[in-house]
Amino acid sequence: MLIQKANFVDVLYGCELFKLMIFYKYKICYALVVSGEFGMVVLRDFVAGEEELLFEVFYSSIHMICSQHYTAEQISAWAPIDLDRALWWRKISSIQPFVVLKENEIVGYSDVQKSGLIDHFFVHGEYQGQGIGNLLMSEALRRGASVGALHSEVSHTAQPFFQKYGFKPVKKQTVIIRGVALNNCVMERS
């Protein structure tokens, strides 16, 4: 990683935040270095080559946390260990997420699409309840402010969290993933 220039700006975001401008070769990425009750973390844009690390977050979140609302068959269909990595890499590349790092390890990620869709929102199973989701949602809301209404297909597990941030249920739905039916809820925030 090549850091050519760093400008720090104080921002109040529920805890102390500093905005650090980082250059990764020719792509400008912005990172927030956050200090709070959960320790020091960094929020920045995803960098190509981190796809497998994001899969670990995705997999652990679903297998460790969502099992309270979904069956083993549903969990395995949603996040199979043998998921086609080429398919995964294309998906991550297309959504261009932002990530949270704690002690140089990616512990969560999310995205906001131009349509207002939050396609992925995952916190590593071992880092639940440490403020990582709050930081991701705050960033999603900041990035989505120019879009208008945000929406997402939210698991039963994550619905209370999304409601805390003003998302309202629009419709319940059943989706078929790898031949297995899973229920979720389309939620919107105006």
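**Chat: two helices, a pocket and a sheet**

Q: At what angle do the axes of helix α1 and helix α3 cross?
A: Roughly 95 degrees. Helix α1 covers residues 51–65 and helix α3 covers residues 85–95. Their axes come within 10 Å. Keep in mind that this is a predicted model.

Q: Is α1 roughly parallel or roughly perpendicular to α3?
A: Roughly perpendicular, because of that crossing angle. Angles from 65 to 115 degrees count as roughly perpendicular.

Q: Which residues make the contact?
A: From α1, they are E51, E52, L54, F55 and F58. From α3, they are R85, W88, W89 and I92.

Q: And how do the residues of that contact divide into nonpolar, polar and charged?
A: Six are nonpolar and three are charged. No polar residues take part.

Q: New topic. How much space lies in the largest pocket?
A: About 1000 Å³.

Q: Which residues are closest to its centre?
A: W78, F121, F122, E153 and S155. The lining of the largest pocket has 40 residues.

Q: What does that lining look like by class?
A: It has 22 nonpolar residues, 13 polar ones and five charged ones.

Q: Which element gives the largest share of the lining?
A: Strand β8, with four residues. Other elements also supply at least two each, including α1, α3 and β7. So the two helices we began with turn up here too.

Q: OK, β8 again. What order do the strands have in its open sheet?
A: The order is β8-β10-β9, three strands with antiparallel pairing.

Q: Which are the edge strands?
A: β8 and β9. Each of them pairs on one side only.

Q: How far are neighbouring strands turned against each other?
A: By 30 degrees on average, direction ignored.

Q: What holds strands of a sheet together, in general?
A: They pair through backbone hydrogen bonds, either parallel or antiparallel.

Q: Back to this one. How many bridges join β8 to β10?
A: Six. E153 stands opposite V186 in β10. V154 stands opposite C185 in β10. E153 is also one of the residues closest to the centre of the largest pocket.

Q: And how many join β9 to β10?
A: Nine, and those two strands also run antiparallel. As an example, V175 has L182 in β10 as its bridge partner.

Q: What do β9 and β10 form together?
A: A hairpin, with two residues between the strands.

Q: Which residue in the turn has a positive phi?
A: R178, with a phi of about 50 degrees.

Terms used. Residues numbered from 1 in each chain as written. Predicted model: local features only at pLDDT ≥ 70, side-chain atom pairs only at ≥ 80, totals over all residues. Heavy atoms only, no water. Axes fitted to C-alpha atoms, helices over the stretch in contact; angles between N-to-C directions. Parallel < 35°, antiparallel > 145°, perpendicular 65-115°, else oblique. Contact = heavy atoms within 4.5 Å. Nonpolar A, V, L, I, M, F, W, Y, C, P; charged D, E, K, R; others polar. 1 Å grid on protein atoms, 1.4 Å probe; cavity = no way out; pocket = protein on both sides within 12 Å on 5 of 7 lines; lining within 4 Å. Points joined across faces, edges and corners; volume = space filled by probe spheres on them. Pairing = 2+ DSSP bridges.
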